[in-house]
Structures are given as structure tokens and as C-alpha cells.
Amino acid sequence: MIGQRPALADLTKRIDAIPSVHRLTFDTESLGRWDSAFLTFVLGLVRYARNGQKEVDLAGLPAGVSGLIDLATAVAPHEEAAARVVRPSFVRIFGQACLDLARGTGRLMAFVGEAALSLGRLATGRARFRRSDLWLFIQQAGVDALPIVSLLSLLQGLTMAFLGAAQLKMFGAQVYVANLIGLSMAAEVGAVMTAIIMAGRTGAAYAAQIGTMQVNQEIDALKTMGLEPMDFLVLPRMLALILMMPLLYLYANLLGMLGGGLIAVTVLGMTGDQFANQLFHAVPLSVFVTGLIKSGVFGVLVALSGCMQGVNCGRSAAAVGDATTSAVVTAIVAIIIADGVFGVVAPPFSIQ
Amino acid sequence: MTAASREPIISVEGLTMAFGDFVVQKDLTFTVRRGDIFVIMGGSGCGKSTLLRHLIGLQAPAAGKVYYGTQSLWDAETEARLAILRRTGILYQSGALFTSMTLAENVALPLQLYTKLTPAEIGDIVSTKLALVGLAGYEDFFPSAISGGMVKRAGLARAMALDPEILFFDEPSAGLDPITSKRLDDLIIQLRDDLGATIVMVTHELPSIFAIADNSVFLDNVKRTATAGGDPREMIHNTRDPVVREFLTREGTFHENTPAPATALSPSAGAV
Ligand SMILES: Nc1ncnc2c1ncn2[C@@H]1O[C@H](COP(=O)(O)OP(=O)(O)OP(=O)(O)O)[C@@H](O)[C@H]1O
Ligand SMILES: [Mg+2]
């Protein structure tokens, strides 16, 4: 085989075709430099020959090659490892997906249950976590989130008012732009928008923080120190979001209504007083109360999905990435479902 | 006091460890006695860290028992298990420092949890522990700002924080230079002699093994069970297993400086 190196599969096929071959030797007289590709080829050939009970004589190879071949074949390939990675069939993948779903649901239930127990321990003063952690999380989920929440809710208010104004003008009902902004912010947009911002900002951060702790064995260290990861890691994060989300909700409302007011004053020629008056009449207090409760619930959902994905994270960088992604996805799905439930159970206003 | 006369502190009986269907090690039986420096040896990937996880309550056995004294770790109620674990200190293979806390906060955490000391007293103890592992002055560093060997040593300081009865070390000297590694050996002997601690450690360092270990278990990578045990200094002369011999001598032949057996050719002392 002077010149071109044949493909390993072709060569083994040709050897298989001649049953009388019992022994392989190498002639490398005319071989100049060799590289890892050559080594890989020889290694493949040696493995093939030994599997087929053929003798291999490495003497003809350059000394370096035969030495490396000895090294590479010294430890037999890990049998179980090879057996563990078989390509699964479609039925198997489907079945696995169903089992995973069932298991995931079970884990979710268990996690929610544990979180509830942890809140119980908090109530009886038996939950152990660092107060300094709680303050840090409150700061991260509160003050630190203000810029993005300000930006988005102000813009949201401006846009909604602008679009609404164009429509209302047709009926000469410009003044109702205050009702439009007030009700939609307080009843729906304020809570859902802050929740989604927090899911992407803070829920993802929680998943990544706890997931990295899992990778780094920090969770093991906590457990063996007798600390409940649920109390030490999840509880302060959950509390921070339960406390901060309603405040962010109020703040988002304020800015959204401010944005609406700006449009009302500049585009529709209302005075600030008119807009404010109309707003106060339009939005009953009960809408805010429901909104506050709703955003507290959203806070729990964001914290739980972030922490759950973190705690169940595997031990690799890719696993942390997956955990972060699913934390955000789970949180958003949960928020939308919960919002629907709230809409049915406690509608902000009725349509007669 | 001879090894056999000391009371057993950890007894492992017929332990099988598995991840799903993949059996890592089976039928492990050995005893760690109070005051032992017990070494878990074996090739990379044979299940040493996994064995440690079974001993410290992080992974449940597929079969078999782990006894602390007469109490079975895995049959105990959660409270009782935590009480057992409170007597232990653990250094993880990766250090496992809490990365969001400074070194001082890391070492202080167990003290804050389980003692009634004032913050000032805790601060003093933390400084002492860090000084013991050669990290004086690093109190306010975060784990991300120190080297891998320093992380190991800080983890050691945290493991020693509560002066535990039993210390578990997973490769304490991996990543340390020979001098620091020798100092670590001295520290381990001192922990045993002065504090009366029992030490269970995973290590590959032959000099350490021969210098300080007085009991051991050898996990075989291929047979997936323990193939030798006892005092490594005797084991090297008694063993018939070529894998064990190769491990202890680095190439399967005796060197001039192979240590002489502590008691010539007596049957190995520790139960295996
Ligand atoms: N989470 C896991 N899931 C499945 N298999 C695992 C898991 N963790 C470890 N293993 C397998 O268990 C075996 C033992 O791993 P372990 O970490 O205990 O090795 P080790 O003896 O500590 O090795 P080293 O000296 O390299 O630290 C390995 O073969 C590994 O593939
Ligand atoms: Mg290990």
C-alpha cells in the first residue's frame, strides 16, 4: 500500500475476504514522517485484528508508533461506558420522554412541598439561612431591577397611550386614555411584565447560581454541614422575590401611568390634572389589591422555578446552561397559567 | 495501644455502590478504628470519592451497611443522621468552598451554626484555623481569587472548624507542592495525636501513604471490589495482587527505599 493510506473499513473488508489471513505485519520502510492520523489508523487495525483473534506483529512499525500503540491498548476500553451510550430507537426516546415528564412533574410537586415545609420552618423560627444573604437578594431583586423596570414600563405606557389615543380620538373620547392606561397597567400589564422581566433577570440568575453550586459540590458541603439547601438557598431567594415583586408592580404602574400621562398632555392636549382625575376615577383600589397579590404569587413562581432548576442541575457547564434556560421557560409558562387562573377566579372588572 | 484494641468508629459491611445499573464497587467490608489514619487507595475512577460520599451520607448504598459505632448511618432517622454527621468534617476533592463567601466566612459558617461563640471569638478561631493551613492574612479573599492548592487548604480549614471527631479528606495534597504537602502530612498527624481525631482520606501520594497511614483499603478498578487492606507498610510486602503491588511501588518492582514493614510479615492488622 505505497502512497495513499486506505480507509480502515475498506482494508478490514479486504482482510475479511481472505479467511487465510491469521497474522498482520507492517512494512514501514518507505514511511517518512507519521502523525496522529496514522497512529489512529494502526490502532484501529490492531483493535480489529485482536477482536478477530488474529495475531499482530508490531515489530515493523517505527519504535515510537509501537510504543504508543502499547500505551493505548494497555487499559481495555471501559465496557459499561460503551454499553451505556447506545443510540436509542424512536419508541425508546418517546417512552423516555414520557417517563421524564412524569418524573419532572413528581420532582416539581416534591419541590413545591419542600418549599412549603421550609416556609413552615421559617414561621416557627427553625429555618437557618444567613440574614446577609436575604438583604443581598432583596437588593438584587429590588433596587438593582429598577432601571430595566423603569425603562420598560415607561415605554409600555407611552406606546399603549399613543396607540390608544389614535383610536379614541375617532370617537372624541380622548379623555378615556387614562382609563385605558390605568386599568391595563394595574390589572394586567404591570404584574405580568415585571414578572417576566424578573424571570429573565433574577430567575435565570438563581438557576445559574444554585446550578454552579451543585457543580462545585457546594450543595453537598451544605448538606453534610447539616444545612437544608431548601432553607439556606431557596428560602431567602423566595422571600426576596415575594417581598420585592409587589413593590416592583406598584413602581411599574407608576411609571406606566406617567408615560400615559405624557402622551395625554403632549399629544391629546389634556392637562395633567385632568389626566390624574380621570385615572383616580377609572381604577378602583380593588384592582391594585388583586394586582399586588398576583405579583406576590408570580414572585413565588419565578423563585421556585429558578431554584428548582438550579437544585436539580447536573454537574457540568452545559447542565447549568440548560437549567438557566428551563428556569426562564418554566417561570414564564407558570406566570401565564397563573395569570389566567387569576383572571377567572378574581376578574379585575366585569363585563355587563 | 495496638491497632486492634481500639474501638471501631466506622464499620462498612458488604457495601455495594452503584449508579443505576452501573456497579462502581461491590462487597466492601472494612473497619476504621478510633485514632486511625485510614487511607482509601485505588486507580483513578475506581470509586474512591463515591465511597466517601457513602460514608458521609450523600449517597445511599445499593446494598450493605455503614455503621458509626453501632448505629447504621442509612437506617437512622434524619435527625440522628445529622447528629452523626455533626461529628465529622469533610474536605471535598474540588474544595467546595462557598464561592459567594470569603475564606473567613466559609470557615466561620459551621462555627456560627453549631456553637454559641461571639463573633469576635469566631473571628479569632477562624484566623487560627487559616494560619494552621498556611493561609494567614487571606481572611477576606474570595475563593475565586486564590489558587487551586489554596482552595484545598481553605477547605481543610473549614473541615477542621468544629474540631470534629472524624475528618474525611478527598485528595488533600493533590495540587500542592512537595513542601506544603509534607506540612499537610505533619498537620494530619498532629490532628490525630493532639485532637484525637480519626482521619479517613483518599490519596495517591505514596510518600504520604507510607509516612502516615496506619490502615487502608485498596479498591480495584477492574475487579470492582477491595483487593487489599491493612497497614500499607505491611501490605506492600504481604500482597500477592500484582495491581496492588504495582500501585504501591509505582511499577511493580521493589525499590531500595521501599519502607520496611512495621512488624515483619504479621497478618495485616486492620480488618479488611
Ligand atoms: N454521577 C454519576 N453518574 C454516573 N456515574 C458516575 C457518577 N459519578 C461518578 N461516576 C462513575 O463512578 C466511578 C467512580 O467515580 P469516582 O469519582 O468515585 O472516582 P475516584 O476513584 O474518586 O477517581 P479519582 O481518583 O479520579 O478522583 C467512575 O467510573 C465514574 O464514571
Ligand atoms: Mg475522586
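This briefing covers the magnesium site and the surroundings of ligand 1. The model is predicted. Ligand 1 sits between chains A and B, and the magnesium ion (ligand 2) takes its protein donors from Ser49(B) and Gln93(B). Side chains of Ser49(B) and Gln93(B) also approach oxygen atoms of ligand 1.

**Magnesium ion**
- The donor atoms are OG of Ser49(B) and OE1 of Gln93(B), at 1.9 to 2.2 Å from the ion.
- These two residues are 44 residues apart and join distant parts of the chain: Ser49(B) belongs to helix H1 (residues 48–55) of chain B, while Gln93(B) lies in the loop between strand S6 (88–91) and helix H3 (103–114) of chain B.
- Ser49(B) counts as partly exposed because its relative accessibility is 26%.
- Gln93(B), with a relative accessible area of 34%, is partly exposed as well.

**Polar contacts of ligand 1**
- An N or O atom in the Ser49(B) side chain is 2.7 Å from an oxygen atom of ligand 1.
- For the side chain of Gln93(B), the corresponding distance from an N or O atom to an oxygen atom of ligand 1 is 2.8 Å.
- Cys46(B) contributes a backbone N or O atom, 3.3 Å from an oxygen atom of ligand 1.
- Of the 630 Å² of accessible area that ligand 1 has on its own, the protein covers 65%.

**Shell around ligand 1**
- There are 14 residues around ligand 1, and those that come nearest are Ser44(B), Gly45(B), Lys48(B), Ser49(B) and Thr50(B).
- By class, the shell holds seven polar, four nonpolar and three charged residues.
- Strand S2 (22–33) and H1 of chain B each provide at least two shell residues.
- H1(B) gives the most, with three residues.

Methods. Residues are numbered from 1 along each chain as its sequence is written. Chains are lettered from A and ligands numbered from 1 in the order in which they are written. This is a predicted model: local features need pLDDT of at least 70, side-chain atom pairs count only at pLDDT 80 or more; totals for chains, interfaces and linings use all residues. Side-chain values use heavy atoms; hydrogens and water are left out. Donors are N, O and S atoms within 2.8 Å of the metal (3.2 Å for Na, K and Ca); water is not among the atoms, so sites may look incomplete. Helices (H or I, at least four residues) and strands (E, at least two) are DSSP runs, numbered from the N terminus. Buried means under 20% relative accessible area, exposed over 50%, partly exposed in between (1.4 Å probe, protein chains only). A residue is near a molecule or strand if one of its heavy atoms lies within 4 Å of it. A polar contact is a pair of N or O atoms within 3.5 Å; within protein, one must be able to donate a hydrogen and the other to accept it, and residues adjacent in sequence count only if both atoms are side-chain atoms. Accessible areas come from the Shrake-Rupley method with a 1.4 Å probe; for residues, only the protein chains shown count as cover. Ala, Val, Leu, Ile, Met, Phe, Trp, Tyr, Cys and Pro count as nonpolar, Asp, Glu, Lys and Arg as charged, and the others, Gly among them, as polar.
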